[in-house]
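Q: Please take a close look at one edge of a sheet in this structure. Then work outward to whatever else helps place it.

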Amino acid sequence: MGSIKLNSTSAGSVTLSAPDTSSNFTATLPASSGTLVYDSTVQIAPFTPAGTGAVSRTIQNKLKDVVSVKDFGAVGDGVTDDTAAIQAAINASVSGGNLFFPIGAYVITSTLTVTKNISFNGEDKFLSYIKWSISTLIAISVDTVSPATFEKLGFRCTVPATIGGVGIKLNSTSTQNAYSRINNCFFENCYIGIYTISALSYTISNNIFSAYQGVAVIVQNTYMVDAGDSTIFNNLFSNSAASATAILQYSSGGLKILSNKINSGAYGYQLVLADGVSTSDLLMNGNSIENTTTRAISIRTSSSNGIFNKIEITGNQIALTPAPIIIDTGLTTMQFKGVVICGNSISVSSNGSPGITINNTDLINVSGNCISGGGTIAAGISTGAYTSGVIGVNSCDSSFTNSVANASNSVFVSDSGKQTSTSSVTCSVAFGSLFSGTGTVTFPTPFRSNIVPTVNIDTRNLTGGVSVWPTTITNTGFGFTALSVTNGGSGTVTWTACGVV
């Protein structure tokens, strides 16, 4: 293989021949610049990747693996209108292909429409972003049943968006969009960040929603209200408008809301069941919801002809909100059925509502929650009319005047009780090389008769105290034996009893 050297001082066409091939190609040397420009029909030299079995491809063919919006004239300088260029890149992309956004701010002035399966990929969600200044603009509308994927992209409205302004809308003009994925993206100043108006089985994960003006994510399926099975996982919701909601669900069952951080707004999660919708399955687990000004989790409906079955709210941390969990239809009929609220850590802000409020709900199971608060709150848990099920063992601190209020006759109430005090004893009876004494304790409040409480006793204030143990335990009290190294050793033992009251 030889080398080719081109020397020219004037414009014109030059034919070059490779020494070891019979193929030629033509180059034109413009007089104005002296730049060598290859003819557009040229297939540039082959590219062969390393590795056994690799095949040669032309560089031109290799570059087609990834289509960049800049290939269609997008500039990404934050000033130039790139709408037409990006839409042309979308239209030219093959179904199942990748559309790349190099680092830059891509200005749009009208909606970008997606009608095929495309993956949109940026380099960094803070550095590769779509930008607009029209407060009511829908940035991207996915109008297809085929899945779309968005990764490492930013969606920024430069003014606080108003009603109608959306970052990404998942929709299908004929049926419903399915299996889309929005991962590791950044949404700023949108009125609605992601609007799943007619979609199912999507995943929204690892995104940041900042300064959302209305709702960060709307869950809905207008085509088939029961179809869903979607996941909202490991997202951050912060710095929202005061009246905003992080996640708002109207329909579409089978929703999993897992391990998200919500740290602002009026509501963390709202289920506002749409008129006539009957669906089921909501799982909220491992979320942290703080600083919501109205409710952390609100489940309600104004419709008497719909129902939502099987709601699980488990293992969440809720703090600094006046109303942590409220389930209430506002009606006189049970619209929610099979509600499990277990293992949550709940802190009520000053002068707030009970930690958990449930009305008009059938088959509840509330247990294992730790509820604390401030102000003058009547109860840790409140249930109302048209409610049935079980309230199990929950822990409520002393800021609540009682653990459960307004429990209807159909609700079995068994709440945790902790009682502690001291009891005097004198150890003067020989017990081997030690001296023993006995005493009895009557609980200020009897525990539930069929469940024996747990009793722990120590000898920290007993002279020469060595050991102490309960001899009999009933729901009303216990006896104990104490040991001391001192004959006549006296003082008090400290006891704590925990059980079900």
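A: Start with one bridge: V429 has S436 in β49 as its bridge partner. This is a predicted model, where local features need pLDDT of at least 70, side-chain atom pairs need 80 or more, and totals for chains, interfaces and linings use all residues. Residues are numbered from 1 along each chain as its sequence is written, and side-chain values use heavy atoms, without hydrogens or water.

The pairing around that bridge is antiparallel: three bridges join β48 to β49 (residues 434-442). Strands pair if DSSP finds at least two bridges between them. Strands are DSSP runs (E, at least two residues), numbered from the N terminus.

Now widen the view. The sheet is open and has four strands, in the order β48-β49-β52-β51. Its pairing is antiparallel. β48 (429-431) is an edge strand, and so is β51 (465-473); each pairs on one side only.

Next come the salt bridges (a Lys or Arg side-chain nitrogen within 4 Å of an Asp or Glu carboxyl oxygen). The count is four. One of them joins R460 to D458, with the closest N and O atoms 2.8 Å apart. R460 is exposed because its relative accessibility is 65%. D458, at 23%, is partly exposed. The cut-offs are under 20% for buried and over 50% for exposed, with partly exposed in between (1.4 Å probe, protein chains only).

Another salt bridge joins the side chains of R181 and E151, at 3.4 Å from N to O. This pair links distant parts of the chain, 30 residues apart. R181 lies in strand β18 (residues 181-183) and E151 in strand β14 (residues 149-151). R181 is partly exposed at 34%. E151 is partly exposed too, at 21%.

E188 and R156 form a further salt bridge, their closest N and O atoms 3.9 Å apart. Here 32 residues separate the partners, and distant parts of the chain are again linked. E188 belongs to strand β19 (residues 186-188), R156 to strand β15 (residues 154-157). Burial splits this pair: E188 is partly exposed at 27%, whereas R156 counts as buried at 18%.

Turn to T321. This residue sits in strand β35 (residues 317-321). T321 is buried, because its relative accessible area is 0%. Leaving aside neighbours within four places in sequence, T321 is in contact (heavy atoms within 4.5 Å) with T292, T294, R295, A296, S347, V348 and S349.

Backbone angles add two residues to check. N206 is not a glycine, yet its phi is positive, about 60°. N206 is found in the loop between β22 (203-205) and β23 (208-210). Its relative accessible area is 30%, so N206 is partly exposed. D281 also has a positive phi without being a glycine, at about 75°. Its place is within strand β31 (residues 278-285). D281 is partly exposed, at 34% relative accessibility.

Finally, confidence. pLDDT is the predictor's confidence in each residue, from 0 to 100. Its mean over the protein is 88, and 88% of the residues reach 70 or more. Residues 17-29 have pLDDT below 50, and this stretch makes 35 contacts in the model beyond near neighbours in sequence. Over residues 1-5 the pLDDT stays under 50, and the model has six contacts for them beyond four places in sequence.
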